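Welcome, and please load the model in your viewer. We will go from one selection to the next and look at what is there.

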Amino acid sequence: MSVAADRFRRFLLPGLAFKAVVIGGGYATGRELAEFFLPFGPWGGVAAMAFAMLIWSLVAAATFAVAFRTGARDYRHFFETLLGRGWFVFEIAYAVFVVLILAVFGAAAGAIAHATLGLPTMVGTIALMVAIMGCVAFGNAGVERSFMALSVLLYATYAIFLVLSLTGVGSEIERAFASAPPPAGEWPLGGLTYAGYNIIGAVMILPVTRHFRSRRDAITAGLVAGPLAMLPALLFFVSMVAFLPDIADAVLPSDYILGRLGLPAFNLVFQLMIFAALLESGIGAVHAVNERIDKTREVAMTPPMRVALAFAILFPCMLVADRVGLVDLVASGYRALAWVIIAVYVLPLFAYVAWRRVKRTPVPAPEAT
């Protein structure tokens, strides 16, 4: 392996994996950006995004460092370190989280297939299921290749999106920032809340941290993860401010902007990118469960076993949960779920880090009398 490839896997790959979970499960269409950042105006929104990015970086760095020290490469072993016998509390929260996001991903993939190709929604949902099963079948190697390849498509699409926006409505963007007041109000709360919704991604992608060689690698990769995950959001947000205030109420801000720019061809590319983002996030969610079972049961999972387990997860979540009303039930408690994850993950994590630092601090010897 070349030096560049080795450094890529140690320092950038975990951040790209974290980005994959955050975008597909969150802001791919721009709807979450409109909800959490636009209310604070152009500069307030940027400040809130910077704050959320800082939280992501700090939590990811602490998570990766603890995982490296303890050798945890799956969430079950990680939470045995943090919570002891209470590790199952996170497992329950994670199970609820997975049911919700996979159900949403399945519905979104169906909607994309219907809107762009005129296909039945079931076709899009099944296509996403098959793609996820294919990517997780070959374990960490297959998942890492998927994250790397899909990241190129994702970053390139957002970069082109920004260029097209600057070309079409660059003067409106400039005017919006020039006339906006400095950050004020509750923008820190907006950044904190948004960071809390997505920070679970840092522990979902622990399997791809297997390339770390030192604590320094872990901390560096964690600090880089925040900017890698927030950069596409910032590019999108800059384009959004040109269409304030109307875009704040748009159900799909990406469709709204592309429609106003008159770019139907690029809309197909953007829909493909959203599908890729859903695929990335779905891979992360399912692979985390595969690795949890692989490491806990100490049974080397073969590709057929991984595909079978993926199907057992995806089928009820994407094709059954919504039809029996489970998704509505879970979604009604989604905000509470975010705070539960902060309580059982983020707070114990920093308490553990602080305890370790105190334990390592040498006690000064008493002075001789």
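A word to settle before we start: buried means under 20% relative accessible area, exposed means over 50%, and partly exposed is in between, using a 1.4 Å probe and protein chains only. This is a predicted model, where local features need pLDDT of at least 70, side-chain atom pairs count only at pLDDT 80 or more, and totals for chains, interfaces and linings use all residues. Residues are numbered from 1 along each chain as its sequence is written, and side-chain values use heavy atoms, with hydrogens and water left out.

**Stop 1: Val169**

Select Val169, which is found in helix H7. Helices here are DSSP runs of H or I with at least four residues, strands are runs of E with at least two, and both are numbered from the N terminus. Val169 counts as buried, because its relative accessibility is 11%. Now show what surrounds Val169: setting aside neighbours within four places in sequence, Val169 is in contact with Ala242, Phe243 and Leu261. Contact means heavy atoms within 4.5 Å. Draw a distance between the C-alpha atoms of Val169 and Phe243, and you should read 9.0 Å for two residues that are 74 residues apart along the chain.

**Stop 2: Pro245**

From Phe243, step along to the peptide bond between Leu244 and Pro245, which is cis, with omega about 0°. For background, most peptide bonds are trans. Pro245 has its place in the loop between helix H10 (215-240) and helix H11 (253-261).

**Stop 3: two asparagines**

Go back to helix H7 (residues 139-179) and pick Asn140. Is Asn140 buried or exposed? Asn140 counts as buried, at 14% relative accessibility. The side chain of Asn140 makes a polar contact of 2.7 Å with the side chain of His287. A polar contact is a pair of N or O atoms within 3.5 Å; within protein, one must be able to donate a hydrogen and the other to accept it, and residues adjacent in sequence count only if both atoms are side-chain atoms. Not counting residues up to four places away in sequence, Asn140 touches Pro207, Arg210, His287 and Glu291.

Next, select Asn198, in helix H8 (residues 187-198). Asn198 is buried too, with a relative accessible area of 6%. Which backbone oxygen lies 3.0 Å from a polar atom of the Asn198 side chain? That oxygen belongs to Tyr194. Beyond residues up to four places away in sequence, Asn198 touches Phe18, Val22, Glu32 and Trp56.

**Stop 4: the aromatic cluster**

Show Tyr75, Phe78, Phe79, Phe90, Tyr94, Phe97 and Tyr345 together: ring pairs link them into a cluster. Rings of Phe, Tyr and Trp (its six-membered ring) pair if their centres lie within 6.5 Å; planes under 30 degrees apart count as stacked, over 60 as edge-to-face and the rest as tilted. The structure holds 25 aromatic pairs. In one of them, the rings of Phe79 and Phe90 are stacked, because their centres are 3.9 Å apart and their planes meet at 10°. This pair links distant parts of the chain, with Phe79 in helix H4 (residues 75-83) and Phe90 in helix H5 (residues 87-117), 11 residues apart. Both Phe79 and Phe90 are buried.

Phe90 also forms a stacked pair with Tyr94, at 5.9 Å centre to centre and 15° between the planes. Phe90 and Tyr94 are separated by about one helical turn, because they are 4 residues apart in helix H5. Tyr94 is buried, with a relative accessible area of 2%.

While you are in this part of the sequence, select Arg76 and Trp87: Arg76 lies over the face of Trp87, at 3.8 Å from the ring centre. A charge sits over a ring if NZ of Lys or CZ of Arg is within 6 Å of the ring centre and within 35 degrees of the ring normal.

**Stop 5: the core**

The largest nonpolar core has 120 residues, of which Phe78, Tyr94, Leu102, Tyr158 and Tyr345 touch the most other members. Helix H12 (residues 264-297) supplies the largest share of this core, 14 residues. Such a core is a set of buried Ala, Val, Leu, Ile, Met, Phe, Trp, Tyr and Cys residues joined through side-chain atoms within 4.5 Å. Centre on Phe78: leaving aside neighbours within four places in sequence, Phe78 is in contact with Thr63, Val66, Ala67, Ala72, Val203, Leu206, Tyr345 and Leu349.

**Last stop: the cysteines**

How many disulfides does the structure hold? It holds 0 disulfides, a disulfide being a pair of cysteine sulfur atoms within 2.5 Å. Select Cys135 to see why: its sulfur is 18 Å from the closest cysteine sulfur, in Cys317, too far for a bond. Cys135 is buried at 17% relative accessible area, and Cys317 is buried at 7%.
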